[in-house]
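Student: Can you walk me through this one with me asking as we go? I'd like to begin with single residues and then move on to the helices.

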Amino acid sequence: HLVVTDEGTGVAVALVDALAQHGVKASVVSSVPTDADAVIFLGGLRVVASVDEAVAVNREAFHASRTVAARLTAHGGAFVTVQDTGGDFGLCGVDATRAYLGGVSALARTAALEWPQACVKAIDLERGARDASTIADAILSELLQGGNTLEVALHADGRRSTLVSVVTPAPKVAADNISKNSVVVASGGGRGVTAACLITLAKARQPRIVLLGRTALADEPQDLRAIADDAGLKRALLQRAQAQGLKPTPADINTQIANVLALREIRATLAALQASGSEARYLAVDVADTGALSAALDSVRKDWGPITALVHGAGVLADKRIEEKTDAQFDRVFDTKVSGLRALLAATAHDPLTALCLFSSVAARSGNLGQCDYAMANEVLNLVACAEQSRRGAACVV
């Protein structure tokens with residue numbers, strides 16, 4: 001049961017007609033039915049007038065894959081995604097709006113891992129000036145003759161390319177775009193690998209650094225400050241709750257412990273940054289809230305001047321296979337990365353950025369079991385980075 005999703009420009013209809021001429025029965029659908037065992041998702045070819053519309057294509061693709069995930073896991077079948085991000089999976093950065101639909105290919109990479117019995121393919125087709133029938137013929141040719149190649153780029157001039165990963169050494173000459181006068185704003189910078197990288201940056205260049213995070217930096221209760229181990233914290237928190245007549249669950253206690261440890265890590269990061277020669281401050285703000293973020297950064301500009309470097313390291317996980325992942329889990333993982341990036345770029349649109357650093361993941365490149373949302377979000381970051389580098393040029397290291 002082969003279905004082709006309607007992208008609104010006539011390609012789906014033309015492709016179904018072309019398939020019929022080769023004895024393959026297919027139908028055009030607005031949404032994927034549960035009994036489909038072969039899906040050609042054309043949403044990535046849709047004309048998008050805004051970033052919102054481009055972002056929505058990612059959710060549409062996820063819903064399409066989840067609908068057939070159990071069936072393709074158990075019995076095999078086919079799942080093909082088609083997008084237009086320049087015919088090179090967005091590497092040239094020619095379209096900053098369509099870059100935001102680029103997570104579709106990372107969904108296919110993850111599906112290929114999760115559905116080993118199915119045939120999965122991601123096609124980046126450059127539309128160019130071609131009409132719907134010509135585009136449909138190009139897709140048909142790849143379906144019938146392209147074999148099991150996972151990632152294929154089809155150019156407007158008829159060329160066919162595939163992606164190959166190559167070793168690329170880091171530049172030997174360090175950039176001089178960050179100095180003591182720089183103001184670095186970092187999401188997710190209070191903890192983890194982002195914090196470690198910022199501390200290394202502070203040791204090298206001593207810029208002023210603003211850490212953004214959702215955790216409010218409240219004072220730690222006096223009776224907990226001398227307790228370093230989890231078991232000790234658990235006993236102290238239980239005793240406090242019992243003294244208040246409360247009966248917390250183990251999950252409640254674990255959440256409280258996690259909050260205590262998170263606050264400690266943020267304070268340790270601030271101390272390490274300052275010890276390395278950087279002025280540092282922490283602002284509790286939801287990085288995806290454009291209004292709150294803009295207000296927070298206005299306070300930074302008032303004290304320190306314009307923002308000159310942006311680091312987007314915020315990220316969360318909710319690992320589940322495609323068939324088990326809920327909309328809420330997908331949105332939380334995807335939006336932390338993508339909505340956060342959009343808000344940061346909007347809030348610094350008039351700042352003279354000399355550096356833009358986005359923390360992505362190899363999951364975007366290869367897919368990863370249980371991480372379709374994380375892979376998709378990071379691939380969007382990759383394509384947006386390419387677009388931003390193309391737009392900003394040599395003035396900004398991306």
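Student: Which strand is S27 in?
Tutor: This is a predicted model, and in it S27 sits in strand β2, which covers residues 26-29.

Student: And is S27 buried or exposed, or something in between?
Tutor: S27 is partly exposed, since its relative accessible area comes to 28%, and the band for that label lies between the cut-offs of 20% and 50%.

Student: What does S27 touch, leaving out its sequence neighbours?
Tutor: Once residues up to four places away in sequence are set aside, S27 touches H1, L2, V3, V4 and V16.

Student: How far is S27 from T194?
Tutor: Their C-alpha atoms are 47 Å apart in space, with the two positions 167 residues apart in sequence.

Student: Switching to F62, where does that one lie?
Tutor: F62 belongs to helix α2, residues 51-75, and with a relative accessibility of 1% this phenylalanine counts as buried.

Student: What is around F62, then?
Tutor: Not counting residues up to four places away in sequence, F62 touches L107, I322, K325, T326, D327, F330 and C372. L140, for its part, is 78 residues from F62 along the chain, and the two C-alpha atoms are separated by 23 Å.

Student: L107 and C372 are both on that list, so which helices do they sit in?
Tutor: L107 is in α3 and C372 is in α11, and both take part in the contact between those helices. On the α3 side the contact is made by G103, S105, A106, L107, R109 and T110, which meet C372, A375, M376, E379 and V380 in α11.

Student: What angle do α3 and α11 cross at?
Tutor: The two axes cross at roughly 145° and come within 7 Å, and the crossing is right-handed.

Student: How do α1 and α4 pack?
Tutor: Helix α1, residues 11-21, packs against helix α4, residues 132-145, at an angle of about 55°, and their axes are 8 Å apart. That angle makes α1 oblique to α4, and α1 passes α4 in a right-handed crossing.

Student: Which residues meet there?
Tutor: From α1 there are V11, A14, L15, A18 and L19, and they meet A132, S133, I135, A136, D137, I139 and L140 of α4.

Student: Back to backbones: where do positive phi values turn up outside glycine?
Tutor: F89 is one of them, with phi at about 55°, and Q206 is another, with phi near 55°. F89 is found in the loop between β4 and α3, while Q206 has its place in the loop between α5 and β9.

Student: Is F89 buried or exposed?
Tutor: F89 is buried, because its relative accessible area is 3% and the cut-off for that label is under 20%.

Student: Last one, α6: what span should it have?
Tutor: Helix α6 has 14 residues, 230-243, and at 1.5 Å a residue they should span 20 Å, which agrees with the 20 Å between its end C-alpha atoms.

Student: Which residues of α6 are buried, and where do they point?
Tutor: The buried ones are G232, L233, A236, L237 and A241. Seen down the axis of α6, they fall within an arc of 165°, so they line one face of the helix. What covers them includes α7, while the face turned away from the buried side carries the exposed residues Q239 and Q242.

Student: What follows α6?
Tutor: G245 follows, and its phi is positive, near 75°.

Methods:
Residues are numbered from 1 along each chain as its sequence is written. This is a predicted model: local features need pLDDT of at least 70, side-chain atom pairs count only at pLDDT 80 or more; totals for chains, interfaces and linings use all residues. Side-chain values use heavy atoms; hydrogens and water are left out. Helices (H or I, at least four residues) and strands (E, at least two) are DSSP runs, numbered from the N terminus. The expected span of a helix is 1.5 Å times one less than its number of residues. Buried means under 20% relative accessible area, exposed over 50%, partly exposed in between (1.4 Å probe, protein chains only). The arc is that of the directions from the helix axis to the C-beta atoms. Contact means heavy atoms within 4.5 Å. Axes are lines fitted to C-alpha atoms, for helices over the stretch in contact, and angles run from 0 to 180 degrees between N-to-C directions. Angles under 35 degrees count as roughly parallel, over 145 as roughly antiparallel, 65 to 115 as roughly perpendicular and the rest as oblique. A crossing is left-handed if the near helix is turned anticlockwise from the far one by less than a right angle, and right-handed if clockwise.
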